Amino acid sequence: MKCSACAFEAPIGKFRYLYNARIDSSITMRQCPQCEQWLAVDELLGEAKDVVNPGEAPWGKSAGIEGLAEDVQV
Amino acid sequence: MGQSTARTEKESSVEELKNRREWWFVAEKTRSKRLDYLRKGVWKKGAIGGNYAPGIKIDLTFPQLFIDKWQEHEGEAIMLQKAHALAHVLDNIPIFITDNSQIMGYIGSAPHNIVWHWQGISMVNEEIYNEEGIIPEPEEESLEILANLNDYWGGRTAVDKLARVLDPEDAVKFMSGAIGWGTPTSAATYSTKDFDYIFKGFEAILAEVEERMEETEEKLQGNPSPEILPLYDKLPRWEAMQIVLEAGIRYAERYARLARTLAEHFESDPERREELLRIAETCERVPAKPPRNLQESLQFDHFVQVLSRYETFEGAWPHRPDYIHGPYYDKDVNQDKRLSKEEALDLVGEHLIRTHEVGIFAPKWAREGLQGITGTWVWTMGGVKPDGSDACNDMTVAYMQAARLVRVSNPTFGFRWHPKVKDEVMRECFECIRHGLGYPSMRNDPVLVANTVHWYGHPVEEARTWVHQACMSPCPTTKYGCQPMRMASATANCAKMIEYALHDGYDPVVNMQMGPKTGDPREFKDFEDLFGAWVKQMEWLRNILVRTVNLGRVKDPEFFGRPFLSAIYERAVETGTDACDPSNGDRGNAWVTGFTWVENADSLAAIKKFVYDEKKYTMDEVLDALNANWVGYEEMRLDFVKNAPKWGNDDDYVDDLMVRCLREVSRHSKENRCPSNNTWPLLPENVSGNIHYANLVGALPNGRRLGDALYDGGISPGPGLDKKGPTAVLKSCGKFDHVTDGRAFLLNQRLSPTQLSGEKGYQLWKAYMKTWADLGLDHVQFNMVDDATLRAAQKDPEKYQEVIVRVAGYSAHFVDISRKTQDNIIQRTVQGLG
Amino acid sequence: MATCKDCKGFFAREDDQDRGDCVMRVTDPRQAYYKAVPVEADKDASKCSSFRKR
Ligand code: SF4
Ligand SMILES: [Zn+2]
């Protein structure tokens, strides 16, 4: 897998697993061992999708009743 | 003219702020100057993401004063030795009076200090060297003081002593940190307090003690017999009670003296001088004598709380302040008109602030489980009187209004709802929730009174006096109902039940055989075999925790000693015993706190469906996936998350399993016995234990990986997994009996602030609450802050310092909790009502 | 030798003139308060940086 911040490449397991904010999404948070950035990783594809900054939620919003809580849908 | 224009401007801008739901600014604009000063003057004591705020220091004056006298009295009965040491602290610790304040008393020698209770566990004491920033200057000197203290206390703390009598295997497993949370000693504890008794005044209690001692001395002079032998041990205990009660009175007198000095020599403002003289008069009166007015009753109460927290780390605050102080409010405000409503509100608001500012050092693991706060200080509001009539009063309303003005994250309120609660009081509750405080939590009083009678046999009149013993568990505040010590150290990391059932009792995370060997699941022929293994692991887990806590409880008077608590416990005063001694009539009110509980039902349901019913996967495949922490099994994992039935959707497949698990636990709860020979029901709830245990619970069949937060607790559905709406959640939760199937059940719900605005919003909420009550649920609490605000707060924490959220049994400032916890809260489903 | 009783911050107790309170004004970054610590009237004040002659 390739870090989307610094392009460091290693097997996915080398990127420290942080957590999965949404159990029903395959996007997890991992940390690049080289630049220490938090990455949004698609576990199905084994790809780092994005760098995660404070406040960002690449996994989107819980299902529930949509449209009531304002949120960014991804 | 000018004034009224100014007011309209102020009002209109407040309206605007309300429309934008900027509640912190609404509070700032509407509260008195005094409350504004006092609120902003508070030093934040809760840890921020696990670390203390800059400027917070450990108080070293306290332990130094204590140990001076402690060593002088070496060899005396522990309660007496401690009484001497505490009295010395109370006589000499620096005290202070903050500008504008009217309620006195603080634990520590300056407002930015937190106390460190070093008599609990030496292991924790050793950690203090690694704490950055909280060692007072000059650091070298402080470190030397700490080292000397640790040298002396190593091996002498309560838990050190307990470890020597525990079964060694139990001790290793208990201390592994994997299965339980907390320490079985009253060195880290909380206690119910009976203010009907305490408000007699310390002088009256002293007279009672005196009488007992005289009686006893007379008996000791009489005919020698085995009956009189135990009396010899009682005398030093009574003496200890005398010493601390007298020291408590002197401590208050010190404030009276300071207030008088300030009035006479320092204060030039005549109004403040009046206040200082009133403070002096108040502190001369209480706690020595019964209170006569609201200021005296609040002051008496606060002195008692402060004195107990000098004695030990009281991590919760069982209390019912509206009930206790209501009559004094009524007398001052309604009858004598001695106080205006605004003046009363100032006192009530300050009561919240004085409580909020209390800080006690906690080790890192405890701070992680209780992010952002010092302890779970849930005050009980509303409810009924012993005769069953409505107990809500003007003070109930005043506390709710004051809470919105001072917006503290601690204490929070739990409201005892019952069918006779008036609409105006319900509106006050809703306003607090709507203002994003996350409290009050709503409790179903008839259900919980029945529950309290069912599990322990408390008489119904006594059960009706109940307060939240910690976040959730009701406890009567009566002579034999009061619980002197935290028994909830029997806090079970319940997800381990299913984890061990799937691993033959082995813990793959801490790498040791923990539970009994219940067999290789690959050999199980059907679901019943798996369930049987689960039952055995559940029983083992509860047994080891309950055993340890029972022992800790019985040994506490010998290993720790509570002179002050004993002096305010009627049954201890009467019998010359330590308050924690279960032989003095304690009826028992123990419970096992169940962290990470719902994972069991969801995991069992997934396996039942996929492995045994549909045979879509073999047990081999499931175990392989779990052992790989689902890495490389993402598709299968998503199948387990999305296509297996999940608790909270009114789906009988999984709900029936939940009920079955609870019934097994209930049966076992009656087999487990506390030292008073009473039961140990389960109480599912998490503080932020779901985050603390994220790295201690391995992958589970509900689709969770090692490292992921667990569900947010109690009987709350997994975040985002309750897809059928709020009524389905309530219906699932209503499928078991909240009286007989456990002690209490925490339910978190998120509601939309936009949907619940205005009168319509209140009516929607009220209808929801009716369904909740009709279904017989015992608890529900709400977060009403929208995702956009929470995300913005993550992005720009400086700007959102004051956003409060409900974490679990407590509220915290959102910016003080870790990102993992923040994300966990945001992921909770926002339920649309109506 | 200067002692506490010569200091402006010293307030003797009514019931015992040999003992009293050392009263001080403190302003920290968040709040202002008066602080009191018990002292003996005859305590040596030569090392006290807060001593203010009466
Ligand atoms: S301790 Fe110092 S400041 Fe206080 S009374 Fe004595 S000399 Fe004055
Ligand atoms: Zn990188």
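**Briefing: strands, chains and contacts in a predicted model**

R416(B) stands opposite R443(B), a residue of strand β8(B). The model that shows this pairing is predicted, and the points below take up the strands around that pair, then a set of strands in chain A, and then the chains as wholes. Among the two pairs of chains that touch, chains A and B have the most contacts, whereas no contact joins chain A and chain C.

**Strands β7 and β8 of chain B**

- Strand β7 of chain B, which covers residues 412–417, pairs with β8(B) in the parallel sense, and the pairing runs over four bridges.
- Strand β8 of chain B, made of residues 441–444, is covered on both faces; S441(B) and R443(B) lie on one side and M442(B) and N444(B) on the other, and all of these residues are buried.
- The residue that faces R416(B) across the pairing, R443(B), is therefore one of the buried residues of β8(B), a class that means under 20% relative accessible area.

**Strands β1, β2 and β3 of chain A**

- In strand β2 of chain A, residues 27–31, five of the five residues are buried, so this strand is largely enclosed by the rest of the structure.
- The side chains of β2(A) divide between two directions, with I27(A), M29(A) and Q31(A) pointing one way and T28(A) and R30(A) the other way, and all of them are buried.
- Strand β1 of chain A, residues 16–19, pairs with β2(A) in the antiparallel sense over three bridges, and in this part of the structure Y17(A) stands opposite R30(A) of β2(A).
- Strand β3 of chain A, residues 38–42, also pairs with β2(A) in the antiparallel sense, here over five bridges, and V41(A) in β3(A) is the bridge partner of T28(A).
- The hairpin formed by β2(A) and β3(A) has six residues between its strands, and E36(A) takes a positive phi near 65° there.

**Chain B as a whole**

- The secondary structure of chain B comes to 34 helices and 20 strands. With a radius of gyration of 27 Å, close to the 28 Å that the globule rule gives for 834 residues, chain B is as compact as a globular protein of that length.
- Along the principal axes, the C-alpha atoms of chain B fill a box of roughly 85 × 85 × 60 Å, and buried residues make up 68% of the 834 residues.
- Of the contacts in chain B with a separation of 6 or more, 77% are accounted for by residues 24 or more positions apart.
- Chain B exposes about 26,900 Å², and carbon and sulfur atoms supply 50% of that area; the chain has 99 positive and 124 negative side chains, with the centres of the two sets 4 Å apart.

**Chain C and its relation to chain A**

- Chain C has zero helices and three strands, and along the sequence its pattern reads β-β-β.
- The C-alpha atoms of chain C fill a box of roughly 35 × 25 × 15 Å along the principal axes, and 35% of its 54 residues are buried.
- Among contacts in chain C between residues at least 6 apart in sequence, those that join residues at least 24 apart make up 47%.
- The accessible surface of chain C comes to about 3,500 Å², with 48% of it belonging to carbon and sulfur atoms, and the mean positions of its 12 positive and 10 negative charges are 8 Å apart.
- Chain A and chain C are joined by no contact, and their closest C-alpha atoms lie 29 Å apart.

Methods: Residues are numbered from 1 along each chain as its sequence is written. Chains are lettered from A and ligands numbered from 1 in the order in which they are written. This is a predicted model: local features need pLDDT of at least 70, side-chain atom pairs count only at pLDDT 80 or more; totals for chains, interfaces and linings use all residues. Side-chain values use heavy atoms; hydrogens and water are left out. The radius of gyration is taken over C-alpha atoms; the globule rule is 2.2 Å times the number of residues to the power 0.38. Buried means under 20% relative accessible area, exposed over 50%, partly exposed in between (1.4 Å probe, protein chains only). Contact means heavy atoms within 4.5 Å. Accessible areas come from the Shrake-Rupley method with a 1.4 Å probe; for residues, only the protein chains shown count as cover. Lys and Arg count as positive and Asp and Glu as negative; His and the chain ends are not counted. The place of a charge is taken as NZ of Lys, CZ of Arg, CG of Asp or CD of Glu. Two strands pair if DSSP finds at least two bridges between them.
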